[in-house]
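The exercises below work through one protein chain, each with a task and a stepwise solution. Please keep the sequence and the model in view while reading.

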Amino acid sequence: MARVPDPLAGVSAVATPQSQPIPGRETEMVRNDAGGHVFAKDLWQRVEDFLILGTTGGTYYVGQDKLTADNVAVLFQAIRENGVRVVELITAVSTARPPRAPKPRPALFALAA
């Protein structure tokens, strides 16, 4: 009979500051615009985030212009890699019920691109 791993074995009282990657997981993490470390998103997760969240108003740490430029570059890269998959993702986000995106503008821009 196989041993079931102890779910509590991974719990630790040692905290890693956000300014450093988690020890042993450095290759999975990237530096964010706030100066902390986060788990990296792949191209398709980033496109989906753009379709759902858009770029209007920017974020707390990134202005609207930089956020828009970064997301448009990601979108164009995704279109070059697999334009059909981009259209399928646009369709999935745009037709989901309940709606996944508060505004249609990012999806319309992506579809036009």
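Pro98 is found in the loop that joins helix 2 to helix 3, where helices (H or I, at least four residues) and strands (E, at least two) are DSSP runs numbered from the N terminus. The model is a predicted one, in which local features need pLDDT of at least 70 and side-chain atom pairs count only at pLDDT 80 or more, whereas totals for chains, interfaces and linings use all residues. Residues are numbered from 1 along each chain as its sequence is written, and side-chain values use heavy atoms, with hydrogens and water left out.

**Exercise 1. Determine the peptide bond geometry from Arg97 to Pro98.**

Step one is to look at omega, which is near 5° for the bond from Arg97 to Pro98, and this bond is cis. Step two is to set this against the general background: most peptide bonds are trans.

**Exercise 2. Describe the order of the elements along the chain and its overall dimensions.**

First, count the elements: the chain has 3 helices and 2 strands, and from the N terminus on they run β-β-α-α-α. Next, take the extent of the C-alpha trace, which spans about 50 × 40 × 30 Å along its principal axes. Then consider the radius of gyration, taken over C-alpha atoms, with a globule rule of 2.2 Å times the number of residues to the power 0.38; the chain has 18 Å, while a compact globule of 113 residues would have a value near 13 Å. Finally, buried residues make up 24% of the 113 residues in the chain, where buried means under 20% relative accessible area, exposed over 50% and partly exposed in between (1.4 Å probe, protein chains only).

**Exercise 3. Identify which elements build the largest nonpolar core.**

Begin with the term itself: a nonpolar core is a set of buried Ala, Val, Leu, Ile, Met, Phe, Trp, Tyr and Cys residues joined through side-chain atoms within 4.5 Å. The largest such core has 16 residues, and those with the most contacts inside it are Val47, Leu51, Leu75, Ala78, Val86, Ile90 and Val93. Helix 1, helix 2 and helix 3 each give two or more residues to this core, and the largest share, 7 residues, comes from helix 2. As a last step, examine Val86, which, residues up to four places away in sequence not being counted, touches Trp44, Leu75, Ala78 and Ile79; contact here means heavy atoms within 4.5 Å.

**Exercise 4. Classify Asn71, Ile79 and Glu81 as buried, partly exposed or exposed.**

Start with Asn71, a residue of helix 2, which counts as buried because its relative accessibility is 14%. Leaving out residues up to four places away in sequence, Asn71 touches Arg46, Phe50 and Thr55.

Continue with Ile79, also placed in helix 2, which counts as partly exposed because its relative accessibility is 26%. Apart from neighbours within four places in sequence, Ile79 is in contact with Val86, Ala110 and Ala113, and the C-alpha atoms of Ile79 and Ala113, 34 residues apart along the chain, are separated by 8.2 Å.

End with Glu81, again in helix 2, which is exposed, with a relative accessible area of 52%. Glu81 and Leu43 are 38 residues apart in sequence, yet 9.8 Å apart in space, C-alpha to C-alpha.

**Exercise 5. Characterise the lining of the largest pocket and of the second largest pocket.**

The method comes first: on a 1 Å grid over the protein atoms alone, a pocket is an open set of points where a 1.4 Å probe fits, with protein on both sides within 12 Å along at least five of seven lines, and lining residues have an atom within 4 Å of a point.

For the largest pocket, the lining consists of 24 residues, of which Asp33, Lys41, Arg46, Asp49 and Leu67 lie nearest its centre. Strand 1 (29–31), strand 2 (37–39), helix 1 (43–53) and helix 2 (64–95) are the elements that give two or more residues to this lining.

For the second largest pocket, 14 residues form the lining, and Gly54, Thr55, Thr56, Arg105 and Pro106 lie nearest its centre. Helix 1, helix 2 and helix 3 (105–112) each supply at least two of the lining residues, with the largest share, 4 residues, coming from helix 3.
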